Amino acid sequence: MKTRLAIVLVAAAALILVGCGGKGGGNTIKIGMLFNMTGAQASLDAPSANGANLAAKEINAAGGVLGKQIKLVSFDGKSDAATIGTAATQLAQTEKVVAMFGFSDSDMVMAAAPTAAKAGIVFVTSGATSPKLPDQVPDYLYLACFGDNVQAAAGAEYAINSLKAKTVYLLIDKGMEYTLLLGKYFKERFVEQGGTVVLEDNYQTGDKDFSAQITKLKGQKAKPDMLYIAAGPDDVGTIVKQFRDAGVKSPIMGGDGYDTPLLVQVAGKGAENVYFTTHSLMDPKLGTDAVKKFIAAYQAEFKVPPENAFAGLGYDTVKLLADSIKRAGSADPKAIRKALQATKDLPGVTGAITYQEGSRIPQKGVTVILVKDGTFTLAQEVVPQKVPQP
Amino acid sequence: MAMSTRLQRLIPPAVMIAALAAILGATDLVAGDYLQRIVIIIGINVILVASLNLSNGFTGVFSLGHVGFMAIGAYAASILTLPVHLKAVNLPDLPGWLQGVAMPFLPATLIAGLIAMLVAFAVGLSLMRLNGAYISVATLGFLVIVQVVLVNWDQFTRGARTFAGVPAYATIWNVWIWAALTVYVVWRIGASAFGRDMRAARDNEIAALSLGVSVIRSRLLAFCMSAFLTGVAGSLWAHFITSFSPKSFFFTQAFSIITMLVIGGLGSVSGSVIGVFLITVLSELLRNAERGFDIGALHLPPIYGASQILMAVLFVLVIVFKPAGLMGGREIDIRGILRRIGASRRGKGAA
């Protein structure tokens, strides 16, 4: 027992020494990167981290920022709030980073951003789309992606103007903040434009059987023109498949949770006539020039094409921070924040970023995608006319 | 003579309290936020694991649902302490009498613990009649029920949405006072006649019954006390993390606590403390090491997830070589250690 304990202690001491080694030199600018490389969030966060690393590599190859190299100091959040809080503390206090970014989920962002704010440095979330986030951490929390109110409004306007829908069936996952807000904003904008919701129903993340919801929908006298289903990436395939198998042929629409290969893999032919709003169309042939260039670089670096739009978001976030540091003229956290707020028309893979005076959510265009013959195709780029209040 | 034995009896707890206070004081004054966070996390985990030991270790009621009580404690306390202006924004549908309440930390934590205990009593009345694996499955069911209630009770919990804005009241001091109290209570219960009743009921139910031990009563009492302490830990956790949602209190959290308990040793309070300490510190070290490092010319790239794999391997090894956990149901005998130190000193003095 005693010898074993001694072995454990010696091993621990060795690890401490190792953990302390490998500090960066003076000629680098350290930026903190927090993603969940393992756990429930990994499918969104790992591509984001790849994108971010790619951007840093490109920036450094082109001479860095202000004559210095950028160093992304990274920890694995492990999809666990306590670990994330600890890692954020390490970044702010031990590593003394000048800015932090990461995460695709509001809970995860909320575990890290207050620590950054306390240390006086900005936290830019690459993929958490809740427009309620910035108010929770005054002054220091920024979104690099659009808010859910923007994508839901874009979806509602596209439904009314292009799909000519007047009535909608609404299905919302009650188990996630993301889907709850998305459904709420869609309804608000859809009704505002004269549409009606014929039936509103809900389910829980991870439900596998939707026959109850389908039966209720089929029992409606007036058939809705379309369905809006606010679902997360793990559920979209199953839901779409079951509704289609039950003979529901109307267009189905959703948010960026649909931007996953699982949609077509699970739903198969059922995915036809499905529309969704997302950050950009990641297609080597149909995408914009910036997207094509990004896909080629990503493919060359990681030997796989970008898994989803979150790869592009991670890439854009690092470019956004680098641009702010450049315009700030120094790596002082206060100056970076001021420059970040003044960002205007910065081009990116997922659209140009502009922060309006007083807003920490960028104005960005929304890409509407239609699934056709098993592939994602561009339906339209939409800048919504009016956006619901967060 | 009588006086001196009484004094001697007071020495071990006094030494321990002094040592603990010295360590905490040093951490509070000298260490940075990072180390302080780790110390707080260890403290909260000590409460969670030691209180779970009361039920799972002493009475053999292997509960998988204690995180449900942690969730109840976290939500109840946070609703009570949330500042009034945030209540208006985040929880607009709260009943009027709660709307204007913003309690201090201690009463909120106590109420949260009591609510968890009441729920445990209601659930335990029927569940404590079950045995073995049935009780584990039933408590797991309880955890799922808590989860569903939290997600659907929007009025109080914001449903699945993040519950944010909880004041960061948890400090090294209040967390560790609760932790020390928990360890003391659980240790005293374990050493009492009541604790022997619990173990008797665990080891041989029929024999215990024949000796007049009320199995259900002792199980229920242990379950309720354990739920109270777990609820308290939930409140401390909530005021440490400050923003959370129902999914924070589910299988991942449940199994992480159970792992620490089993590694430390079921039925041993010192085992609980050792288990928590070892696992928290080791996983923290591995988490820092998995980011990759340089040894001389050798550069190791980051291997994310390696820490979890190594920890899992370690758990398997412990279970294979020490199936009863590191302490195997025994306690560290502090009095014995002190006596031995005293004896060797006296021995030297005589020589």
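1. Two residues are taken to be in contact if their C-beta atoms, placed from the backbone, lie within 7 Å. On that criterion, and bearing in mind that this is a predicted model, 29 residues of chain B are in contact with 32 residues of chain A. On the chain B side, helix H2 (33–59), helix H7 (132–152), helix H14 (269–289) and strand E1 (293–295) each supply at least two of the residues that touch chain A. The largest share of that side, five residues, comes from H14(B). By residue class, the side of chain B that touches chain A divides into 13 nonpolar, 11 polar and five charged residues.

2. Turning to chain A, the element to inspect is an open sheet of seven strands with mixed pairing, whose order is E7-E6-E8-E9-E10-E11-E12. Its edge strands are E7 (196–203) and E12 (375–382) of chain A, each of which pairs on one side only. Averaged over the sheet and with direction ignored, neighbouring strands are turned by 25° against each other.

3. The mixed pairing can be followed at the two ends of the strand order. Strand E6 (residues 167–173) of chain A runs parallel to E7(A), and seven bridges join the two; within this pair, A:Val168 has A:Val197 of E7(A) as its bridge partner. E11(A) and E12(A), by contrast, run antiparallel, and they too are joined by seven bridges, with A:Thr377 of E12(A) serving as the bridge partner of A:Leu370.

4. The hairpin formed by E11(A) and E12(A) has two residues between the strands, and in it A:Asp373 takes a positive phi near 50°. A colleague checking backbone geometry may wish to look at A:Asp373 in this hairpin.

5. Two helices of chain A may be considered together with the sheet. Helix H6 (residues 148–161) of chain A packs on the sheet, where it touches strands E8 (226–230), E9 (252–254), E10 (274–278), E11 (366–372) and E12 of chain A, and its direction makes about 55° with that of E11(A). Helix H9 (residues 236–245) of chain A lies across E8, E9 and E10 of chain A, and runs at about 165° to E9(A).

6. A last point concerns helix H3 (residues 66–81) of chain B, for which the expected length can be checked: at 1.5 Å a residue its 16 residues should span 22 Å, and because its end C-alpha atoms are 23 Å apart, the two values agree. The expected span is 1.5 Å times one less than the number of residues. H3(B) is also mostly covered, since 16 of its 16 residues are buried, a class that requires 20 or more other C-beta atoms within 10 Å of a residue's own.

Conventions
Residues are numbered from 1 along each chain as its sequence is written. Chains are lettered from A and ligands numbered from 1 in the order in which they are written. This is a predicted model: local features need pLDDT of at least 70, side-chain atom pairs count only at pLDDT 80 or more; totals for chains, interfaces and linings use all residues. Helices (H or I, at least four residues) and strands (E, at least two) are DSSP runs, numbered from the N terminus. A residue is buried if 20 or more other C-beta atoms lie within 10 Å of its own, exposed if 12 or fewer, and partly exposed in between; C-beta atoms are placed from the backbone. Two strands pair if DSSP finds at least two bridges between them. Axes are lines fitted to C-alpha atoms, for helices over the stretch in contact, and angles run from 0 to 180 degrees between N-to-C directions. Ala, Val, Leu, Ile, Met, Phe, Trp, Tyr, Cys and Pro count as nonpolar, Asp, Glu, Lys and Arg as charged, and the others, Gly among them, as polar.
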